[in-house]
Every structure is written in C-alpha cells, then in structure tokens.
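Visitor: I have a model open and would like a guided tour. Could we take it one point at a time?

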Amino acid sequence: MLSFKLQAWNALAPGLEDSSDWSRWLEQPVSLPAELHKVALKQIPPMLRRRFTELGRCAAGAALPLLEDVDGVPGVFASRHGDTPLTLSLLEGIAGDEPMSPTGFSLAVHNAVSGLLSIARKDVSEVTAIASVENLIPHALLEAVTQLQNSESVLCLIYDVPLPELYQPYTSCEPFPFALAMLLSRSEGVKMTLEQHSPQAIEADSSDLLRTMRCITGLDRDVHFPVCAEMGWKLSRDE
C-alpha cells in the first residue's frame, strides 16, 4: 500500500471549471459537449500559446492554476491516446503525398504537452510522459507517488480528448475532452492510499474518470479499478 497527500487538485471539461461544477455534475451527470470551450491561458506568451492544440489547452488549463505559486515541480503527464486528432491529420497528409509539417509532428509526440508547459513555465524539473490502454489513472498515480520518494511534491496530470470517429469502433474513450491535475505531496493535504486490491463490481455505465472524480471531490471514499479476475487497484481517501 502506498500513502500520499493530495495537496490540491483542479479538473477541466466542457462546462466544468471548478469543484462545485464537478460536484453538481457528478450527482446528476448529463451529456457534455464534445469540444472544449475557449481556455484563455493568459499565463502563456501568445506565440507559444498558438502551439497548444485542444489537448494541450485542456491539460494546461487544469494544471496552471495549481502551479501559480510553485517555481518548479516534477510532473507525470498521462494520456491514454495522446493527440490522436493531430496524429490522424498527419497520417492523412502522408496518404495524400503532402509534406509533413515539422511543427505538427513535434506537437504530436506523446511528451509534447509536458514540453510546452515546461517551456511556458521555464521549469526544468524532470517530467515523465506515460500511456496506458487500461487503468491509466492508477498507473499515473503509481508513477507520481513513487517520485515522491525524491521530491516533496509531484504534479500528476491526466488528460485526453475524444478519439476521431475513425478509431471509435476499436476502443472506448470519454466522449468529451478532460484534464485532471493533482498536486501530490509528502506532507500537506488529504491523506490518500493506492493499493492492489481484489476486484470489485463496478457499474457498467461508469468510467474510471467519473469514479475517480467522485472520490477526489469527496462524494465517495474510494474507487476501484479492475485489472483482471484476480486483481485490481483501489484508491482511497482518509479524512
């Protein structure tokens, strides 16, 4: 079992911008738009801001409010699929014998968001970019918690955008863009635990994100992530 403190969190999705928005929506979920509303990102210089795609704007919009008074912090950046809309556009360009945009390619790699945020904040702290087809959230937390052995705090940022229609028959995804930013700490905040646990039954229409947000907002005490018939992960809060 791994213990850590949740010092602060912020989450962003279309129409959901603060903890009260999320709490109301989690109590009575309704369909959200498939596109993110405009995110100002005024902390980022205009020339650099132009390089943020929807995925990057969503991730930065969730993370930057947590980092206003933080000079430098290591980060774990976790996205299940990465910037698939941009990647697909590059592949379609290749299929049409069009020259590939160097800028487009540089922004399509999986660590692009972490790189842009590091440049914007002038933060040279180490970052880790991960992907996971299943159980992205517990794997991101596992990586972030282990980094607390060497750092007083770690940013854990989990984000994705809906898959292009071409890919949707082959895998599941949230139908709206989202980002969940958590500042984990050794000493400050709500005590949390992450542990391997026997799998529990979960609602068929619930997603890892929704169940995690219910735990983060305090609506539920724990959230289960089934891995297989014999094993799963459990994230719990102790208040």
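**A walk through the model**

Guide: We start with a loop. Lys-122 lies between helix H6 (112-121) and S3. The model is predicted.

Visitor: Is Lys-122 buried or exposed?

Guide: The cut-off for exposed is over 50% relative accessible area. Lys-122 has 72%, so the residue counts as exposed.

Visitor: What is the phi of Lys-122?

Guide: Lys-122 is not a glycine. Even so, its phi is positive, about 55 degrees.

Visitor: Which residue in the loop between S3 and H7 has a positive phi although it is not a glycine?

Guide: The phi there is about 55 degrees. The relative accessible area of this residue is 7%, so it is buried. The residue is Asn-135.

Visitor: How confident is the prediction, as a mean pLDDT for the protein?

Guide: Of the residues, 96% reach 70 or more. Among the elements, strand S2 (residues 75-78) has the highest mean, 98, and strand S7 (residues 222-226) the lowest, 90. For the protein, the mean pLDDT is 92.

Visitor: What is the strand order of the open sheet?

Guide: The sheet has 8 strands, and the pairing is mixed. The edge strands, S3 (127-130) and S7, each pair on one side only. From one strand to the next, the twist averages 25 degrees. The order is S3-S2-S4-S5-S1-S6-S8-S7.

Visitor: Which residue in S4 is the bridge partner of Val-76?

Guide: S2 and strand S4 (residues 153-160) run in the parallel sense and share 4 bridges. The partner of Val-76 in S4 is Cys-156.

Visitor: How many aromatic pairs does a search of the whole structure find?

Guide: One pair is Trp-22 with Trp-25: the ring centres are 5.8 Å apart and the planes at 85 degrees, so this pair is edge-to-face. Another joins Trp-25 to Phe-176, with centres 5.9 Å apart. The search finds 2 pairs.

Visitor: Why are Trp-22 and Trp-25 separated by about one helical turn?

Guide: An α-helix has 3.6 residues a turn, so residues three or four places apart point the same way. Both tryptophans sit in helix H1 (residues 19-27). Trp-22 is buried at 1% relative accessible area, and Trp-25 is buried at 7%. They are about one turn apart because their spacing is 3 residues.

Visitor: What class of pair do Trp-25 and Phe-176 form?

Guide: Trp-25 is in helix H1, while Phe-176 is in the loop between S4 and strand S5 (178-185), 151 residues apart. Ring pairs link Trp-22, Trp-25 and Phe-176 into a cluster. Planes over 60 degrees apart count as edge-to-face. Those of Trp-25 and Phe-176 stand at 90 degrees, so the pair is edge-to-face.

Visitor: How far does helix H7 reach from its first C-alpha to its last?

Guide: H7 (residues 136-147) has 12 residues. Its buried residues include Leu-136, Ile-137 and Leu-141. At 1.5 Å a residue, 16 Å is expected. The helix reaches close to that value, 17 Å.

Visitor: How many residues of helix H8 are buried?

Guide: H8 (residues 208-216) is mostly covered. Among its buried residues are Arg-211, Met-213 and Cys-215. The count is 7 of its 9 residues.

Visitor: Which residue with a positive phi follows H8?

Guide: Its phi is near 90 degrees. The residue is Gly-218.

How values were computed
Residues are numbered from 1 along each chain as its sequence is written. This is a predicted model: local features need pLDDT of at least 70, side-chain atom pairs count only at pLDDT 80 or more; totals for chains, interfaces and linings use all residues. Side-chain values use heavy atoms; hydrogens and water are left out. pLDDT is the predictor's confidence in each residue, from 0 to 100. Helices (H or I, at least four residues) and strands (E, at least two) are DSSP runs, numbered from the N terminus. Two strands pair if DSSP finds at least two bridges between them. Axes are lines fitted to C-alpha atoms, for helices over the stretch in contact, and angles run from 0 to 180 degrees between N-to-C directions. Rings of Phe, Tyr and Trp (its six-membered ring) pair if their centres lie within 6.5 Å; planes under 30 degrees apart count as stacked, over 60 as edge-to-face and the rest as tilted. Buried means under 20% relative accessible area, exposed over 50%, partly exposed in between (1.4 Å probe, protein chains only). The expected span of a helix is 1.5 Å times one less than its number of residues.
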